[in-house]
Structures are given as structure tokens and as C-alpha cells.
Amino acid sequence: MSATAPRYLTRFQCLADTCEDTCCAGLVVPVSDARWRALRAAVAGGPDAARVEALVLPDPGGAVGAEAAYIAKREDGSCSFLDEKRLCSLHRAYGEAVLPDACAMFPRVATRRAGRLEVTGSFGCPEVVRLCLLAEDALEPVSVDASLAARPELARALGGGDAADVWTWHALGVREVALRILERREYPYASRLFMLGELARRLGAFYFRGAEASREEARLISTLSDFEAPSALDGLHAMVSSVRLPGGPWAGICGTVLRARIDGVRGARFQTWARAIQTSYGGASATPDDVWALYSERRARLEPALGERIEQYFRHHAVNHWLRNPFTDTPSVMDYVFKLTLRAAVLRWALFGHPEVVALCEDPPLNDGLTAARARLDAAAVECFQLSAKHLEQSPELHDLARGLSGGAGPEALPRMLVLLQGM
């Protein structure tokens with residue numbers, strides 16, 4: 001089977017105990033029947049047998065197969081098998097073969113469609129974020145050996161082989177158009193997101209999960225073709241550029257996401273980061289208009305020197321999101337685009353609230369100091385994108401907020417999306 005991956009993943013190597021975070025905390029780790037049996041066999045009669053019996057717990061729902069059990073976590077949210085050096089004690093003693101599938105594959109994500117394996121990386125890993133965001137060529141697709149996926153036999157099989165399922169049959173074509181839009185750097189990033197929103201709006205009448213095949217195929221192909229035309233994209237850019245809305249609602253929405261999670265995540269690293277951002281904007285009681293004023297001032301100071309670098313972060317984040325997360329998992333393209341836009345808004349708000357970025361804004365870099373300033377900005381961006389991916393982007397609070405803001409991703413979703421674009 002042929003396999004592809006973005007170039008950054010071929011450069012990935014786990015940093016182990018030198019990583020600023022650990023993938024062995026904050027996540028639920030399921031254990032399959034097969035891996036549970038292998039682990040029990042490996043530790044049988046040894047000093048770890050009792051620990052495995054006590055800490056690998058049967059799934060309370062009685063699940064079997066891929067999620068027969070899960071690994072208990074400590075009070076701080078870390079895995080019970082994490083040792084004092086922040087390394088996996090099971091891996092050290094018994095090797096990779098005994099690890100649950102999630103542990104062996106992370107941060108790699110493997111999917112299989114149309115006879116091809118695609119391997120991408122999860123932003124829950126700081127090193128993946130670093131490699132993906134910071135190198136210009138990070139997302140170039142390259143051919144790789146299937147072993148890059150660690151356990152390629154576990155790759156998720158996506159639809160697309162049955163023409164009767166119009167939703168998955170055309171998914172690759174829709175994704176390719178979306179990726180080309182995201183790479184159109186002659187337009188501001190907000191304009192590109194609006195283009196995706198308009199594409200989603202136009203597709204929404206006939207292309208969605210459960211849509212019946214056939215009669216609309218020509219319409220779908222025609223719609224996708226329209227978004228390859230520079231004149232159409234120019235018109236959409238002009239349209240969204242003419243819209244000026246108050247920024248307070250945007251700032252209020254972004255702050256809401258962080259406030260909803262700040263008491264629900266136990267990790268000290270997340271808490272330090274989140275509370276520092278909140279403090280930089282005046283604290284939890286600051287008004288949205290005051291927050292917007294601070295954000296706007298910081299943006300005006302920093303973007304003239306480092307705006308292109310910031311654009312790269314968000315472009316790479318969005319492209320990796322389309323590669324890693326199939327939009328066919330959502331009910332519609334609009335649902336997917338709206339949530340991506342909300343994630344981008346929260347990320348930009350968080351980045352300009354990061355203490356390191358605030359310091360840069362207070363003393364904007366001159367030409368001879370750009371290299372050092374960019375390194376500081378890069379470090380702040382990696383922290384923001386990784387902690388957001390791990391603790392905010394998949395949270396129920398964010399999904400509930402997106403559903404409420406978009407009106408269920410119905411016809412009114414695109415006008416409402418304009419509010420999210422104000423800070424972009």
C-alpha cells in the first residue's frame with residue numbers, strides 16, 4: 001500500500017523526558033483485548049503483575065475489542081505507569097510491543113482511503129507543533145514507508161469507494177479545493193476562511209452526510225470549479241474586507257472558551273498558561289470591549305514586523321487540521337469550517353495574550369532584532385497551539401459553543417462566522 005505524510009512527520013523524533021509536556025497525562029488511554037492479554041503475559045510472575053492488575057481497569061461500560069479497558073490516572077491526571085523521569089515504566093521494562101495502541105501510535109494518526117495510507121500528526125504533541133508550524137516546507141506531501149504509522153494495520157478506513165455514498169465519494173475533491181484555498185497567500189487569512197465558509201454554504205443545499213447520490217454531482221463539480229477561479233475569490237475577498245463589526249463580541253467569545261476550561265483542567269502547565277493569558281487581558285472580569293482594545297493595540301504593534309510569521313502558523317494549523325481530521329466526520333462542510341474558524345479565533349486571541357508576545361508588543365522588534373524576536377514568538381506559538389489542541393479544541397464546551405453560535409450550521413452560519421473573523 002502506498003503511504004504519504006507531510007514532510008514534518010518524517011523529521012519527528014520523540015523528545016521523551018526532555019519534552020516540555022508529556023503525552024502520558026490528560027488523556028484517556030483505552031486498552032484493547034489483544035494488548036491487555038499481551039501486557040498480562042509480559043508481566044506474569046514478575047514485580048509488575050500486581051500493578052497491571054490494579055491499574056488497567058475494565059471499561060465500566062462493558063466494552064470489548066478496541067476499548068476493553070483503560071489505564072487509571074493519578075490525581076494530577078498523569079498515567080499511573082509514568083515513572084519519576086516522566087518516562088513510561090512499561091515501555092522501559094517490556095518494550096513497545098506491550099503498549100496500548102494509542103500510546104504506540106501517538107502522535108501519529110493514520111487513515112486509509114482509496115488504497116492509500118495517509119499519516120499525519122497530532123497537535124497534542126509539542127514537537128509535532130514545532131515541526132509543523134515553524135518550517136516553511138513542513139506540509140509538503142512526501143511518500144513514506146507505511147511503518148511510519150507505527151501500527152499501520154490500525155489505520156482507520158475512510159469511505160470513498162462507493163459512488164452511491166456521495167458524501168465520502170467526493171470528499172477528496174472537496175478537501176483538495178479547500179487546501180488550495182488555504183494556500184492562496186495573496187489573500188488575508190480571514191478572507192480564506194470566509195472563502196471556505198462560502199464554499200460550505202453553497203455546498204450545504206445538496207452535499208452533506210446522508211445526501212443521496214447522483215443528480216447533484218454536476219452541481220457539486222461546478223461549485224468546486226467556481227472556487228478555483230481568481231475572479232470569484234477576488235469578489236469574496238472584497239466582500240469580507242468591506243465588513244466592519246464591533247470587536248467586543250469576538251473578544252467575549254474567545255474569553256468564554258478559556259473560562260469554561262480553566263477550572264476543569266488540572267494540569268499545572270495549562271493552568272499557568274491559561275491564567276497568564278486571562279491576566280494579560282485584565283482578568284476574568286474585564287469587559288469584552290476592553291479586551292478587544294488591548295488585543296487590537298498588540299496586533300497593530302507586532303504584525304508589521306512579524307505578521308507573515310503569524311500567518312504561517314495559522315495556515316499550517318488549518319492545513320494540518322484538514323489532513324488530520326476528515327470533514328466527513330461532521331454533519332456538513334459548514335459545521336467543519338465554522339468550528340475551524342472558532343478554533344483559529346481562540347488561538348489568535350490566546351497568542352496575543354501570551355506573556356512573551358505581550359512583552360514583544362511592548363517593545364516591537366527592529367530589523368536587527370527580528371531573529372531573536374521571531375524565536376520568542378515561535379516558542380509562544382508552539383505553547384499556545386499545543387495546549388489549545390490538548391485542552392480546548394476538542395472540549396465539549398467549544399463544540400457546544402460552536403453549535404450555538406452557528407445556529408446548528410444552518411443558512412445563518414456564514415453571517416455569524418463574520419463575527420469570528422473580526423480578530424483574524
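Contact here means heavy atoms within 4.5 Å. The views below all come from a predicted model.

**View 1. The whole chain, with its 19 helices and eight strands.** The radius of gyration comes out at 22 Å, close to the 22 Å that the globule rule gives for 424 residues, so the chain is as compact as a globular protein of that length. Along the principal axes, the C-alpha atoms fill a box of roughly 70 × 55 × 40 Å. Buried residues account for 50% of the 424. Take the contacts between residues at least 6 apart in sequence, and 77% of them turn out to join residues at least 24 apart.

**View 2. Where helix α13 meets α17.** Here α13 (residues 268–280) and α17 pack with their axes 11 Å apart, at an angle of about 115°. The crossing is a left-handed one. On the α13 side, the residues in contact are Arg-269, Phe-270 and Trp-273. Facing them from α17 are Glu-383, Cys-384, Gln-386, Leu-387, Ser-388 and His-391. Sort the residues of this contact by type and you get four nonpolar, three polar and two charged.

**View 3. Helix α6 and its surroundings.** How many of the nine residues of α6 are buried? Seven of them are, so this helix, residues 126–134, is largely enclosed by the rest of the structure. The buried set starts with Pro-126, Glu-127, Val-128 and Val-129, and carries on with Leu-131, Cys-132 and Leu-133. As for what covers them, the list includes two helices met elsewhere in these legends, α14 (288–324) and α17 (370–391). Also among the covering elements are α1 (7–10) and strand β6 (116–121).

**View 4. The five-stranded open sheet.** Reading across, the strand order is β7-β1-β6-β5-β8, and the pairing is mixed. At the edges sit β7 (141–144) and β8, each of which pairs on one side only. Helix α14 packs on this sheet and touches β5 and β6. The direction of α14 makes about 140° with that of β6.

**View 5. Strand β5 and its two partners, β6 and β8.** On one hand, β5 (residues 108–113) runs antiparallel to β6, and six bridges join the two. Thr-111 stands opposite Glu-118 in that pairing, while Arg-113 has Arg-116 of β6 as its bridge partner. The two strands make a hairpin with two residues between them. One residue to look at in the turn is Ala-114, with a positive phi of about 50°. On the other hand, β5 pairs with β8 (residues 156–157) in the parallel sense, over two bridges. In that pairing, Arg-112 stands opposite Ala-157.

**View 6. The peptide bond between Phe-106 and Pro-107.** Some background helps here: most peptide bonds are trans. The bond joining Phe-106 to Pro-107 is cis, with omega at about 10°. Pro-107 belongs to the loop between α5 (101–105) and β5.

**View 7. Two loop alanines, Ala-16 and Ala-150, with positive phi.** Most residues other than glycine have a negative phi. What is the phi of Ala-16 near? The value is near 50°, which is positive. You'll find Ala-16 in the loop between α1 and β2 (30–31), and the residue is partly exposed, at 33% relative accessible area. Ala-150 has a phi near 75°, again a positive value. The loop that holds Ala-150 runs between β7 and β8. With 34% relative accessibility, Ala-150 counts as partly exposed.

**View 8. Ser-191 in helix α9.** Is Ser-191 buried or exposed? With a relative accessible area of 2%, Ser-191 is buried, since the cut-off is under 20%. The helix around Ser-191 spans residues 189–203. Set aside the neighbours within four places in sequence, and the contacts of Ser-191 are His-237, Val-240 and Ser-241.

**View 9. Arg-403 in helix α18.** This helix covers residues 396–406. Arg-403 is partly exposed, with a relative accessible area of 48%. In sequence, Arg-403 and Phe-338 are 65 residues apart. In space, their C-alpha atoms are 9.0 Å apart.

Definitions and conventions
Residues numbered from 1 in each chain as written. Predicted model: local features only at pLDDT ≥ 70, side-chain atom pairs only at ≥ 80, totals over all residues. Heavy atoms only, no water. Buried < 20%, exposed > 50% of the residue type's maximum accessible area, 1.4 Å probe, protein only. Helix = DSSP H or I, 4+ residues; strand = E, 2+ residues; numbered from the N terminus. Axes fitted to C-alpha atoms, helices over the stretch in contact; angles between N-to-C directions. Left-handed = near helix turned anticlockwise from the far one by under 90°. Nonpolar A, V, L, I, M, F, W, Y, C, P; charged D, E, K, R; others polar. Pairing = 2+ DSSP bridges. Rg over C-alpha atoms; globule rule 2.2 N^0.38 Å.
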